[in-house]
Amino acid sequence: MMGSRVDVTYRWIVVVLDILYIFQMFGQKKTGQFPSKRFDDTRIYIIVHLISGIILIYSGVSFQFVDVFSKPLQEGHPFYFVIAASGLIHSITVTIIPPKV
């Protein structure tokens with residue numbers, strides 16, 4: 001079953017905003033405004049946060065495709081551990097970064 005019209009519209013809006021944000025970052029990099037110097041001491045946490053978030057989001061999308069287009073994954077499949085580990089790392093970095101910002 002496909003998502004509702006609102007779901008599809010929301011996903012496209014998020015994709016377009018993400019792409020616009022990437023172009024904004026490249027524009028700021030040309031003018032020397034990106035990356036900001038104030039995050040130099042927390043840059044590694046931010047990078048780990050971004051990577052774990054990307055893994056979390058795209059593994060969730062992949063998980064959805066697997067469930068829709070083939071049989072559901074069995075309990076204890078390594079894919080579940082990837083999602084759990086990236087979610088845990090992402091949550092930990094969420095608590096580490098804000099006090100330093």
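**Exercise 1. Describe the surface and overall dimensions of the chain.**

Solution. The accessible surface of the chain comes to about 8300 Å², and carbon and sulfur atoms account for 71% of that area. The coordinates belong to a predicted model, and every value in these exercises is computed from them. The next step is to set the radius of gyration against the rule for a globule: for 101 residues a compact globule would have a value near 13 Å, but the chain has 17 Å. Taken along the principal axes, the box filled by the C-alpha atoms is roughly 50 × 30 × 20 Å. As a last step, burial can be added to this description, since 11% of the 101 residues count as buried.

**Exercise 2. Give the secondary structure of the chain and say how its contacts are distributed along the sequence.**

Solution. Counting the elements gives three helices and zero strands, and reading along the sequence gives the pattern α-α-α. Helix α1 covers residues 5-31, helix α2 covers residues 43-69, and helix α3 covers residues 78-96. For the contacts, consider those between residues at least 6 apart in sequence: 57% of them join residues that are at least 24 apart.

**Exercise 3. Identify the residues of the nonpolar surface patch, and then characterise Asp18.**

Solution. The patch on the surface is formed by Val8, Trp12, Ile13, Val15, Val16, Leu17, Ile19, Leu20, Ile22, Phe23 and Phe26, which together have about 1100 Å² of accessible area. One of these residues, Leu20, lies in helix α1, and Asp18 also has its place in helix α1. Asp18 has a relative accessible area of 45%, and because a value between 20% and 50% counts as partly exposed, that is the class of Asp18. To locate Asp18 with respect to a residue elsewhere in the chain, take Ser91: the two are 73 residues apart in sequence, while their C-alpha atoms are 21 Å apart in space.

**Exercise 4. Decide whether Ser59 is buried or exposed, and list its contacts.**

Solution. Ser59 is placed in helix α2. Its relative accessibility is 6%, and because the limit for a buried residue is under 20%, Ser59 counts as buried. Leaving aside residues up to four places away in sequence, Ser59 touches Ile54, Phe79 and Ile83.

**Exercise 5. Analyse the aromatic pairs of the structure.**

Solution. A search of the whole structure finds three aromatic pairs. One pair is formed by Phe63 and Tyr80, whose ring centres are 5.4 Å apart and whose planes make an angle of 70 degrees; because an angle over 60 degrees counts as edge-to-face, the pair belongs to that class. This pair links distant parts of the chain, with Phe63 in helix α2 and Tyr80 in helix α3, 17 residues apart. Tyr80 is partly exposed, its relative accessible area being 30%. Finally, ring pairs link Phe63, Phe79 and Tyr80 into a cluster, and Phe79 is also among the residues that Ser59 touches.

**Exercise 6. Count the salt bridges, and describe the partners and their exposure.**

Solution. Side chains of opposite charge can pair when their charged atoms come close. The count for this structure comes to one salt bridge, which joins Arg43 with Asp40 and has its closest N and O atoms 2.8 Å apart; the distance satisfies the cut-off of 4 Å. Considering each partner in turn, Arg43 has a relative accessible area of 26% and is partly exposed, and Asp40, with a relative accessible area of 47%, is partly exposed as well.

How values were computed. Residues are numbered from 1 along each chain as its sequence is written. This is a predicted model: local features need pLDDT of at least 70, side-chain atom pairs count only at pLDDT 80 or more; totals for chains, interfaces and linings use all residues. Side-chain values use heavy atoms; hydrogens and water are left out. Helices (H or I, at least four residues) and strands (E, at least two) are DSSP runs, numbered from the N terminus. Buried means under 20% relative accessible area, exposed over 50%, partly exposed in between (1.4 Å probe, protein chains only). Contact means heavy atoms within 4.5 Å. Patches are made of residues with over 30% relative accessible area and no salt bridge: like charges are joined within 9 Å, nonpolar side chains (Val, Leu, Ile, Met, Phe, Trp, Tyr) within 5 Å. Accessible areas come from the Shrake-Rupley method with a 1.4 Å probe; for residues, only the protein chains shown count as cover. A salt bridge is a side-chain nitrogen of Lys or Arg within 4 Å of a carboxyl oxygen of Asp or Glu. Rings of Phe, Tyr and Trp (its six-membered ring) pair if their centres lie within 6.5 Å; planes under 30 degrees apart count as stacked, over 60 as edge-to-face and the rest as tilted. The radius of gyration is taken over C-alpha atoms; the globule rule is 2.2 Å times the number of residues to the power 0.38.
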